[in-house]
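Please work through the exercises below with the sequence and the coordinates at hand. Each task is followed by a solution that goes step by step.

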Amino acid sequence: MAPLHLDCKIKMLTISDYPLEPHYPETEDGYILTLYRLNINPPISTSGENNEDEVSELKTSDRPPVLLVHGMMCAGTEWLCNSPEKVLPYMLYEQGYDCWIGCLRGTRLTGAKPHVKYTMKQKKYWDFSVDEFGYYDVPAMIDYILEVTHHENLFYVGHSLGATSVIITLSSRPEYNDKIRACAAMTPAIYGEHCRNFFLTKLSAPLYAVFAKSRFFYRRGVCQSSLVELVKKYWPCMPRKDKICSKLFRFYTQSILKIIYKKQLEKERLPQLVEILPGQSSMKMVCQVMQCLFYKKAQAYDYGRNGNMKKYGQSTPPRYNLENVTAPMALYSSDHDYLVGHEDVLRLSNELKNVIKYKKIVGKFYHTDFMIGSDAHKLLYPDVIQVFDKFKLADSAGNNISTKL
């Protein structure tokens, strides 16, 4: 475990009207991550008024910790881009959980010092893929939270690559299975065989599968400016920039990528989203996602024959050892997810050892709606909380849950 870095001069931040306490765990390979702890004291009811009867005044030490990790090209605070009664972290907080929002390496919310050795201007900083998310970032976050809270394990919520990352963690570092009480994996991007997005599967994936083997190509950051920043930079004289950004955002996410269903996106949330999306990350991470779509295999990064021999000691990248994943897993998919097909999530659920629940959301509920959809608090989040509550109650009663819920 890397050294524990707890800033004694932590200042409370407010993002999307939620008070967040920043923490900065360090990974074994020197990246300094950002964690945000939801810190509401006194608690605020979903009606917007203080109500001690509605939300129990639990001590922080009595609250089981929950780590929420974002997906591709996000930063973490997307979990909070809705009104209080509709966001999962606050719903979990109301139910007595200690909520931590994790920001993977390379996001725009990374602190002033992103690495012990490199800056974001250096190519070596951007030399990471999804494999590093799973092998280094998620373990660093888990260890940090458990050390701060003095708990033996935690609950985990991952969306898309956030779910992929924890599966890589559990497959490559099996000792972490004991540190996760239960995991809610929302549309985990392990297999890409049933991706239905033409733009990604037919155009981008073959190109990235080739360029992914070039260090010159993949060692760089992508989307290092939000949509608002790009418009201000290249069209500074354009009037009503907010309206233009909103239209561009909706066209790109709803028509091109099909990751947000128009009726799941509340118009008043657009100004928040265009300020933070698209989130920045590494080109190497994007390349690995495209490799998943192109090769349709659950495997590590493909560096090409020579690169694989140097990295792995074999000509092909190793497959993820899903046999090692023994932590209780609840998997969620949607029949209208154009990026991660429900067939691929079902396949994963059949291959994991300890799947306690698999649920497919029926209807127009797209990939990013799992995080920001206006109906997620009705279609998805109560189910996640119910799963976690059963484990929490079983722990308090000294029982064990080993069957499907």
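## Exercise 1: Surroundings of leucine 270

Leaving out residues up to four places away in sequence, leucine 270 touches Ser246, Phe249, Arg250 and Leu265, where a contact means heavy atoms within 4.5 Å. The model is a predicted one, in which local features need pLDDT of at least 70 and side-chain atom pairs count only at pLDDT 80 or more, while totals for chains, interfaces and linings use all residues. Residues are numbered from 1 along each chain as its sequence is written, and side-chain values use heavy atoms, with hydrogens and water left out.

Task: Determine whether leucine 270 is buried or exposed, and how far it lies from arginine 250 in sequence and in space.

Solution. Begin with the secondary structure: leucine 270 lies in helix 8 (residues 270-276), helices being DSSP runs of H or I with at least four residues, and strands runs of E with at least two, numbered from the N terminus. Next, the relative accessibility of leucine 270 is 4%, so the residue counts as buried (buried means under 20% relative accessible area, exposed over 50%, partly exposed in between, with a 1.4 Å probe and protein chains only). Finally, leucine 270 and arginine 250 are 20 residues apart in sequence, and their C-alpha atoms are 8.8 Å apart.

## Exercise 2: A salt bridge between two loops

Task: Find which parts of the chain are tied together by the salt bridge of glutamate 28 and arginine 173.

Solution. The criterion is a side-chain nitrogen of Lys or Arg within 4 Å of a carboxyl oxygen of Asp or Glu; for glutamate 28 and arginine 173 the closest N and O atoms are 2.8 Å apart. Glutamate 28 is in the loop between strand 2 (18-23) and strand 3 (34-38), and arginine 173 in the loop between helix 3 (161-172) and strand 7 (180-186), so the pair ties together parts 145 residues apart in sequence. Glutamate 28 is partly exposed at 43% relative accessible area, whereas arginine 173, at 9%, is buried. The network of salt bridges links Glu28, Arg173 and Glu175.

## Exercise 3: A salt bridge within one helix

Task: Establish where aspartate 389 and lysine 392 lie.

Solution. Both residues belong to helix 14 (residues 381-397), three residues apart, which is about one turn of the helix. Their side chains meet in a salt bridge at 3.9 Å, N to O. Aspartate 389 counts as buried because its relative accessibility is 18%, while lysine 392, at 23%, counts as partly exposed.
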